[in-house]
Structure formats: structure tokens, C-alpha cells
Amino acid sequence: MGELYKKSGVNIAEANCLSKKLGLLGTDFRNFAGEISYGDLKILNCCDGIGTKIIPLYDRKLFKTIAIDLAAANLNDLATKNARAVAFSDYIAVNKLDSASIAQIIFELKNILDVCDCKLLGGETSEMPALLKDGAIDICGFAIGVADGKYLPAEIGEGDVVIGLKSNGIHANGFSLIRSLYSAGKLSENEFCECLKPSFIYYNSVRKLWENNLIKAAANITGGGLLTNLERVFPLNLKPQLNFSVIPEQYIFEKLFKLCGDEVYEVFNCGVGFCLIANQENYNVISDICEKFEPFILGKVVKK
């Protein structure tokens with residue numbers, strides 16, 4: 001399990017072990033965004049970065065893509081809950097500070113968040129030459145959302161459908177493996193550039209679905225692959241039954257499957273960037289609202 005990814009430096013089995021240990025702290029640690037009650041409101045919070053995709057993006061000065069990926073990583077997590085994004089903070093750690101480059105990333109981030117009506121509150125930039133190697137940079141975001149604490153979505157039930165929203169390539173996951181394949185000459189320059197495309201931000205479209213009570217649950221398909229992330233939103237007595245053959249074809253995943261085999265399902269989104277669980281009767285309306293992400297019925301909910 002995850003042998004190629006492990007050879008590139010990422011141990012999925014150890015990550016799963018950590019998840020199980022953290023599960024002892026409660027089921028909230030399965031959620032894409034944590035929440036607390038505050039009067040009649042729920043305050044939600046999530047935190048995520050863009051992994052080692054930052055390395056080629058920063059090297060190639062693709063600052064707008066860095067900002068899009070960072071916003072997507074967090075706003076898409078928040079979109080799994082019926083919460084309105086209200087605030088965002090960032091953390092950037094560097095070996096050596098380049099003020100022009102970092103400022104451009106933050107300005108781009110603010111512009112993206114403005115479109116989602118989410119305010120960038122500020123953040124922290126830390127220059128740490130003793131800790132980070134020469135040229136190193138990492139970036140992380142923190143999103144805060146607010147929800148009506150009295151709202152409870154309908155429970156997932158047997159026979160509900162799983163609706164997939166198309167991804168824009170691999171988004172920001174699995175880049176330790178992608179970079180390893182590229183360094184070994186197994187991915188061409190054009191294929192590597194295909195991997196650098198920015199993530200889709202589903203937040204605004206999914207918010208409309210929540211506001212119109214059209215979905216029961218949602219999953220952001222990020223690190224760990226399609227099945228692992230989707231199962232996080234299911235009750236223990238139910239599971240998704242998926243039909244992978246209906247996923248819109250993207251060349252980069254065909255190439256990765258040839259190189260990695262079934263391991264692609266453990267690491268990448270495989271062409272599905274976000275999933276929705278809903279009554280089948282809502283599919284047409286959902287499809288209209290999310291039209292730009294080419295929705296399709298990926299599977300159904302069944303008993304375990």
C-alpha cells in the first residue's frame with residue numbers, strides 16, 4: 001500500500017495510523033472543518049496548505065496559482081459544511097524573505113477571497129534560515145466560517161446518490177510522488193506543467209446547494225485519494241458504492257495509472273475534486289448550479 005509514494009518520502013500507512021490515534025479524541029477529528037457552538041451560531045475552522053506543490057510553483061513564479069491553491073484547500077474544506085466563510089489568515093515560512101514575491105502571493109490571495117466574500121485578516125511571515133534549507137518555502141491557510149447552529153441537514157440514507165464534480169487535474173496533492181516521477185524522467189515537461197494547473201474552488205457553487213437544502217453531505221477530495229476522503233462523511237453503517245468508469249477522462253490520470261497502478265486511488269483525486277451526497281431527485285438542480293464542474297452521478301449509498 002502506497003509503496004511508490006513511500007519511496008518519494010510520504011508514508012500513507014503512518015498517516016493512517018496517526019488518524020486512528022487522533023480518533024480517540026472524538027469523531028470531530030474525521031471532519032474537514034471543526035466546529036464549536038457559540039450561542040445560536042456554530043463557528044467552524046479549518047487549516048491546510050498546498051504541500052510540496054509550492055516548490056515548483058514558487059520556483060516558476062506562479063504566484064497566482066499558489067494563492068488559488070491555498071484558498072481552494074481551505075474554502076473547499078469549509079464547503080463540506082453549511083458554513084459561510086467570513087475570515088482567512090495565512091502563515092508563510094521561508095529560508096530567505098523575498099518581499100516582492102511574498103507580497104504578490106498575498107495580494108493574489110486577497111483578490112480570490114474577495115470573490116468568495118471572505119476577508120483576509122492578515123497572517124504571519126517567518127524567515128527561518130536555521131530551520132529551513134536554502135530556497136525553502138511553505139505556506140498554510142486558516143479559514144473561519146459561521147453557520148446557523150439550529151440547522152441540521154437530512155441524514156445520509158441508503159439509495160442516496162454520490163455526485164462527483166470534476167477536478168482541474170491533480171490539484172495540490174501527491175506532489176512528492178509527482179516530483180519524484182518528473183525527476184526520474186517518467187513525466188515529460190508538458191505533463192509536469194499539466195500537474196501545476198490551479199485547483200478548482202467549489203465553495204461558491206456548493207454554498208448555493210446548502211442554502212437551497214439540496215445536499216446532505218459533501219467531501220473535499222484531497223490527500224489520501226477519492227475513497228478515503230469520501231468515507232469521512234459517511235455514518236458507520238453506510239458506504240459509497242462507486243463506478244469509476246463514469247469519471248470524465250483526463251490524460252494526466254491515465255498516465256499516472258500506467259506509472260503507479262492502483263496506487264493512484266490512494267494518492268490522487270483521479271478526476272473528482274469534490275463529492276456531494278443527495279437525494280437523486282435533486283440531481284438536475286444540482287447539475288445546473290454546478291454546471292461548470294460537469295457534475296455526474298459517481299455512485300450510490302449502500303449498507304455496509
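In this predicted model, a good place to start is one matched couple of residues: I163 has L276, in strand 9, as its bridge partner. That couple belongs to a longer run of contacts, since 6 bridges hold strand 6 (residues 161-166) and strand 9 (residues 272-278) together in the antiparallel sense. Pairing of this kind comes about through backbone hydrogen bonds, and strands of a sheet can be either parallel or antiparallel.

Zooming out, strands 6 and 9 turn up again in an open sheet of 5 strands, with the order 7-9-6-10-8 and antiparallel pairing. Strand 7 (217-220) and strand 8 (238-242) sit at the edges; each has a single partner strand, so one side of each has no neighbour in the sheet. From one strand to the next, the twist averages 25°.

Strand 5 (residues 137-148) has pairings of its own. It runs antiparallel to strand 2 (residues 41-49), and 9 bridges join the two. Along the way, C46 stands opposite A143 in strand 5. Strand 5 also pairs with strand 3 (residues 84-94), again in the antiparallel sense, over 10 bridges. Here R84 finds its bridge partner in V146 of strand 5.

Now for the rings. The structure holds 8 aromatic pairs. One of them is formed by Y202 and F274, a tilted pair with 5.4 Å centre to centre and 35° between the planes. Y202 lies in the loop between helix 7 (189-195) and helix 8 (203-211), whereas F274 is in strand 9, so this pair ties together parts that are 72 residues apart in sequence. Both Y202 and F274 are buried. They are also members of a cluster, in which ring pairs link F200, Y202, F274 and F293. Another ring has a charged residue for company: R232 lies over the face of F32, at 3.9 Å from the ring centre.

Finally, helix 4 (residues 63-78) allows a quick check with simple arithmetic. At 1.5 Å a residue, its 16 residues should span 22 Å, and the end C-alpha atoms are 23 Å apart, which agrees. As for its surroundings, 15 of the 16 residues of helix 4 are buried, so the helix is largely enclosed by the rest of the structure. An α-helix has 3.6 residues a turn, so residues three or four places apart point the same way.

Key. Residues are numbered from 1 along each chain as its sequence is written. This is a predicted model: local features need pLDDT of at least 70, side-chain atom pairs count only at pLDDT 80 or more; totals for chains, interfaces and linings use all residues. Side-chain values use heavy atoms; hydrogens and water are left out. Two strands pair if DSSP finds at least two bridges between them. Helices (H or I, at least four residues) and strands (E, at least two) are DSSP runs, numbered from the N terminus. Axes are lines fitted to C-alpha atoms, for helices over the stretch in contact, and angles run from 0 to 180 degrees between N-to-C directions. Rings of Phe, Tyr and Trp (its six-membered ring) pair if their centres lie within 6.5 Å; planes under 30 degrees apart count as stacked, over 60 as edge-to-face and the rest as tilted. Buried means under 20% relative accessible area, exposed over 50%, partly exposed in between (1.4 Å probe, protein chains only). A charge sits over a ring if NZ of Lys or CZ of Arg is within 6 Å of the ring centre and within 35 degrees of the ring normal. The expected span of a helix is 1.5 Å times one less than its number of residues.
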